[in-house]
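Please look through the sequence and the structure shown here before reading on. The paragraphs that follow move from one region to the next.

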There are 2 protein chains.
Amino acid sequence: MPTVSSEELAAAAGVNSAKLRKDFSYLGSYGTRGVGYDVEYLVYQISRELGLTQDWPVVIVGIGNLGAALANYGGFASRGFRVAALIDADPAMAGRPVAGIPVQHTDELESIIRDNGVSIGVIATPAGAAQQVCDRLVAAGVTSILNFAPTVLSVPDGVDVRKVDLSIELQILAFHEQRKAGEEAAADTAAVPAAPRKQSATDQGPDGDVPAVMPA
Amino acid sequence: MPTVSSEELAAAAGVNSAKLRKDFSYLGSYGTRGVGYDVEYLVYQISRELGLTQDWPVVIVGIGNLGAALANYGGFASRGFRVAALIDADPAMAGRPVAGIPVQHTDELESIIRDNGVSIGVIATPAGAAQQVCDRLVAAGVTSILNFAPTVLSVPDGVDVRKVDLSIELQILAFHEQRKAGEEAAADTAAVPAAPRKQSATDQGPDGDVPAVMPA
DNA sequence: CAATCTTTGTGCACGCGTTCACAAAGACAT
DNA sequence: ATGTCTTTGTGAACGCGTGCACAAAGATTG
Ligand SMILES: NC(=O)c1ccc[n+]([C@@H]2O[C@H](COP(=O)([O-])OP(=O)(O)OC[C@H]3O[C@@H](n4cnc5c(N)ncnc54)[C@H](O)[C@@H]3O)[C@@H](O)[C@H]2O)c1
Ligand SMILES: NC(=O)c1ccc[n+]([C@@H]2O[C@H](COP(=O)([O-])OP(=O)(O)OC[C@H]3O[C@@H](n4cnc5c(N)ncnc54)[C@H](O)[C@@H]3O)[C@@H](O)[C@H]2O)c1
């Protein structure tokens, strides 16, 4: 029986072994003292806890540059996600296959969601259409949304939204980048305007990850 | 002089006003008691602190489905990022313009980085090539990397890596999704195998955001 | 100039996740 | 069966970010 110790696993994952053991203990994965964890059993338990044992049908709305790339991406299937449908508002795209899946028109959004029992939706439409699409998805029964449009979506309680904002990713990198270079040149506080031009403040909804108080 | 109070700002951002004030105090943004913060000055200070006042040249390596979508994405420029070059290993793509920028061959990677003073690189190659591309970028002077390939990159100290893993985003949604549905059906612990088939454990590098102990 | 009123800046306490450290459990050898 | 040795599971301490609450600052008004 192949086993792994918490120490090995922790080293590989780059985390503390005690934390790893405590985390495992939360989901009831019992190891064997003096031996470690049964790899099989552990993998199964974690897979199950993470929801990887079942297949999740997802729909992608907005089959443009990004949406098409997502549709072509094979990495989803290997993690238990199945692209149930591709949806776009452009009538010219209807019926045209992308990644072997025919694009369907937005009119059919509701029926597609219901017929396939879809609970996860991906939004890759322009920012202007995102909230509207989101509302329709939610109304049709979707309760989890992955949003690529640079907009804060407002959803009712019970619906989860995760936003992937590539600009913010780059901003975070740029921030640290600036810090690296700015250490020695910290005295260069030359042209700091005392009173910049006027501009309005940003209103923004609550976000899980990033504070986000900056205007675009 | 247009001003905003920490209370207004906090309400708009959905955070606690005390936290917001404390955060501002860290970057030395002095407000005026009884009045609030000068919007102009505040915007400028935060922009500067976040590195938004300068223009960052970035290169995208791997101009496939995703890379091309990124190149076409206009959201970067508006945040102060400029696509300095597109790089791909496929000779057939060399010279072909994507989003108005001619694709250059990997051979020129080093010179492109140096000539343009690029410090931020985006990797959108297949997973197998990611580490190799990363090494070359770092060797050429890149110190911040945004990685879309589903691989953990190992880099020397001083180099920042941010990984965007869309599968994990979906997994997080699926996890919560399962929890929503699993409340009532919690008793369905029927077919739990006591000893699954054998399989190897995953080794994985340290990650900032997600524990990531699961195999693909 | 004094009184009042608004809003900042921050000391302090609370809560939570992480880490340490160790007793107990169990495998394995003798 | 007994002893040894490895590794788990977890109580307790630590550190850190968040939120509360309030004194001080400064604008504004009479
Ligand atoms: N391309 C990128 O790399 C990238 C990166 C980050 C964010 N984004 C964001 O992702 C979104 C899509 O980007 P893109 O480059 O694919 O844009 P795109 O213009 O290429 O594609 C948008 C697609 O959405 C469709 N669409 C428009 N309104 C719709 C609606 N109401 N219902 C359904 N479909 C609709 C359009 O027909 C089009 O096919 C944008 O919001 C963009 O800001 C893109
Ligand atoms: N498409 C998606 O939506 C998506 C989503 C998540 C992650 N990813 C990941 O992003 C990466 C790219 O995805 P894709 O769909 O664009 O793949 P793709 O196959 O369409 O594009 C890959 C590109 O990289 C180029 N390339 C290969 N080796 C290279 C090298 N050594 N140097 C420079 N260029 C090289 C290829 O010529 C090709 O143009 C993959 O790792 C994929 O797993 C993609």
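**Contacts with the DNA strand and the ligand**

In the side chain of Ser6(B), an N or O atom lies 2.7 Å from a phosphate oxygen of DNA strand C. The model is a predicted one, and every distance discussed here should be read as belonging to that prediction. Ser6(B) is also among the residues that come nearest to DNA strand C, together with Arg21(B), Gly31(B), Gly34(B) and Tyr37(B), out of 21 residues around the strand.

Where Ser6(B) approaches a phosphate oxygen, Arg21(B) approaches a base: a polar atom of the Arg21(B) side chain is 2.8 Å from a base nitrogen of DNA strand C. From chain A, Lys22(A) places a polar side-chain atom 3.0 Å from a base oxygen of DNA strand C. Taking the atoms of DNA strand C that lie within 4 Å of the protein, 62% are part of sugar or phosphate, and the rest belong to bases.

Which helices supply at least two residues each to the surface near DNA strand C? They are α2 (17-26) of chain A and α2 (17-26) of chain B, and of the contributing elements α2(A) gives the most, with four residues. By class, the residues of this surface comprise nine polar, seven charged and five nonpolar ones.

The next site is that of ligand 2, which lies between chains A and B. It is surrounded by 23 residues, of which Ala69(A), Leu66(B), Asp88(B), Ala124(B) and Thr125(B) are the closest. For Asp88(B), a polar side-chain atom is found 2.6 Å from an oxygen atom of ligand 2, whereas the backbone takes part at two other residues: a polar backbone atom of Leu70(A) is 3.4 Å from an oxygen atom of the ligand, and a backbone N or O atom of Ala127(B) is 3.4 Å from an oxygen atom of ligand 2. Ligand 2 taken alone exposes 830 Å², and the protein buries 82% of that area.

Around ligand 2, the elements that give two or more residues to the shell are α4 (65-72) of chain A, α4 (65-72) of chain B and α6 (127-140) of chain B. The largest share, three residues, comes from α6(B). The shell around ligand 2 consists of 16 nonpolar, five polar and two charged residues.

Chain B also contains an open sheet of seven strands, in which the pairing is mixed and the order is β5-β6-β4-β3-β7-β8-β9. At its edges stand β5 (97-98) and β9 (160-163) of chain B, each of which pairs on one side only. Within the sheet, β7 (residues 120-123) and β8 (residues 144-147) of chain B are paired in the parallel sense over four bridges, and Val122(B) stands opposite Leu146(B) in β8(B).

It remains to describe chain A as a whole. Chain A has seven helices and nine strands, and of its 216 residues 43% are buried. When contacts in chain A are restricted to those between residues at least 6 apart in sequence, 49% of them join residues at least 24 apart. The accessible surface of chain A comes to about 10900 Å², and 53% of this surface belongs to carbon and sulfur atoms.

Notes. Residues are numbered from 1 along each chain as its sequence is written. Chains are lettered from A and ligands numbered from 1 in the order in which they are written. This is a predicted model: local features need pLDDT of at least 70, side-chain atom pairs count only at pLDDT 80 or more; totals for chains, interfaces and linings use all residues. Side-chain values use heavy atoms; hydrogens and water are left out. A residue is near a molecule or strand if one of its heavy atoms lies within 4 Å of it. A polar contact is a pair of N or O atoms within 3.5 Å; within protein, one must be able to donate a hydrogen and the other to accept it, and residues adjacent in sequence count only if both atoms are side-chain atoms. Ala, Val, Leu, Ile, Met, Phe, Trp, Tyr, Cys and Pro count as nonpolar, Asp, Glu, Lys and Arg as charged, and the others, Gly among them, as polar. Accessible areas come from the Shrake-Rupley method with a 1.4 Å probe; for residues, only the protein chains shown count as cover. Two strands pair if DSSP finds at least two bridges between them. Buried means under 20% relative accessible area, exposed over 50%, partly exposed in between (1.4 Å probe, protein chains only). Contact means heavy atoms within 4.5 Å.
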